[in-house]
Amino acid sequence: MDLFGLILIGLILMLYFKNLYTRRKRKKTAVPTGYRQLLEANVRYYQQLGPNDKIRFEEKVERFLKRTHIEGVGAEPEPLDRVLIAASAIIPIFGFKDWEYFNLTNVILYPDTFDESYQFEGNRRNILGMVGSGALNGQMILSRSALREGFSNTTDKSNTAIHEFVHLLDKSDGTVDGLPTKLLEHSYSIPWMKLVHQTIHEMSEGHTDINPYGATNEAEFFAVISEYFFERPDLLAEKHPELYQMLSRIFQQNPANI
């Protein structure tokens with residue numbers, strides 16, 4: 001083998017081991033020190049779990065953080081941001097034993113709202129979060145301010161990050177359409193969509209306390225009502241028992257009775 005061939009092999013090996021080192025280093029630093037204390041202080045869902053379920057939640061958080069790259073654009077992700085993103089991912093799937101977000105590789109954190117061109121400066125910024133498609137497939141963009149607000153305000157019915165992860169669950173069957181066929185038994189698909197359309201009609205008439213953004217389409221309704229389900233399960237069960245029961249079936253959880 002000539003000298004050029006040896007140099008080429010050397011460069012390839014160097015890049016391989018460099019990438020391997022980077023991945024291992026990222027895994028070691030992906031899970032913040034003291035993340036359990038951050039969960040206990042900031043995530044009400046986690047606070048209400050029993051001891052065994054807390055351990056299972058922690059294991060899922062660690063696995064998510066090791067598998068998913070979180071980076072910042074205009075904002076360096078802090079330990080709290082990483083923990084809240086992971087908690088947002090785990091809450092909707094906590095009822096499933098082995099669920100993984102195979103349709104997600106990166107979460108990109110912006111300092112605040114952004115526009116359709118992914119710019120976080122200017123006066124046309126009104127997007128809080130987004131699940132990427134096309135060239136951004138496998139990516140999620142979140143506003144840090146919206147992420148933190150979703151967990152600090154425990155009296156509202158909103159959580160932007162949970163909203164976006166529910167879109168990912170919806171997308172797991174190939175389409176974001178408000179009908180999560182991988183989560184809902186076939187026999188319940190028609191009753192679910194009938195309930196969705198009925199509720200959207202009530203929302204258009206102004207006869208409900210559900211965020212009106214949910215009336216945009218079936219996919220947004222599913223994400224919005226899921227926020228309500230996880231943020232204020234007791235209130236949803238009281239005001240919208242049919243929706244609560246159906247969501248409990250979809251997510252295999254009963255958060256009102258944790």
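Q: How do the residues of the lining of the largest pocket divide into nonpolar, polar and charged?
A: They divide into 9 nonpolar, 11 polar and 6 charged. Ala, Val, Leu, Ile, Met, Phe, Trp, Tyr, Cys and Pro count as nonpolar; Asp, Glu, Lys and Arg count as charged; the others, Gly among them, are polar. This is a predicted model, where local features need pLDDT of at least 70, side-chain atom pairs need pLDDT 80 or more, and totals for chains, interfaces and linings use all residues. Residues are numbered from 1 along each chain as its sequence is written, and side-chain values use heavy atoms, without hydrogens and water.

Q: What makes a residue part of the lining of the largest pocket?
A: A lining residue has an atom within 4 Å of a pocket point. Points lie on a 1 Å grid over the protein atoms alone; a pocket is an open set of them where a 1.4 Å probe fits, with protein on both sides within 12 Å along at least five of seven lines. Here 26 residues line the largest pocket, and Gly129, His163, Glu164, Tyr213 and Glu220 lie nearest its centre.

Q: Which element gives the largest share of this lining?
A: α7 does, with 5 residues. Helices are DSSP runs (H or I, at least four residues), and strands are runs of E (at least two), numbered from the N terminus.

Q: Why is one side of β1 and of β3 left without a neighbour in the sheet?
A: The open sheet has the order β1-β2-β4-β3. Strands pair if DSSP finds at least two bridges between them. β1 and β3 stand at the edges, each with a single partner strand, so one side of each has no neighbour.

Q: How do you know that β1 pairs with β2?
A: 4 bridges join β1 to β2, and pairing takes at least two, so the two strands pair.
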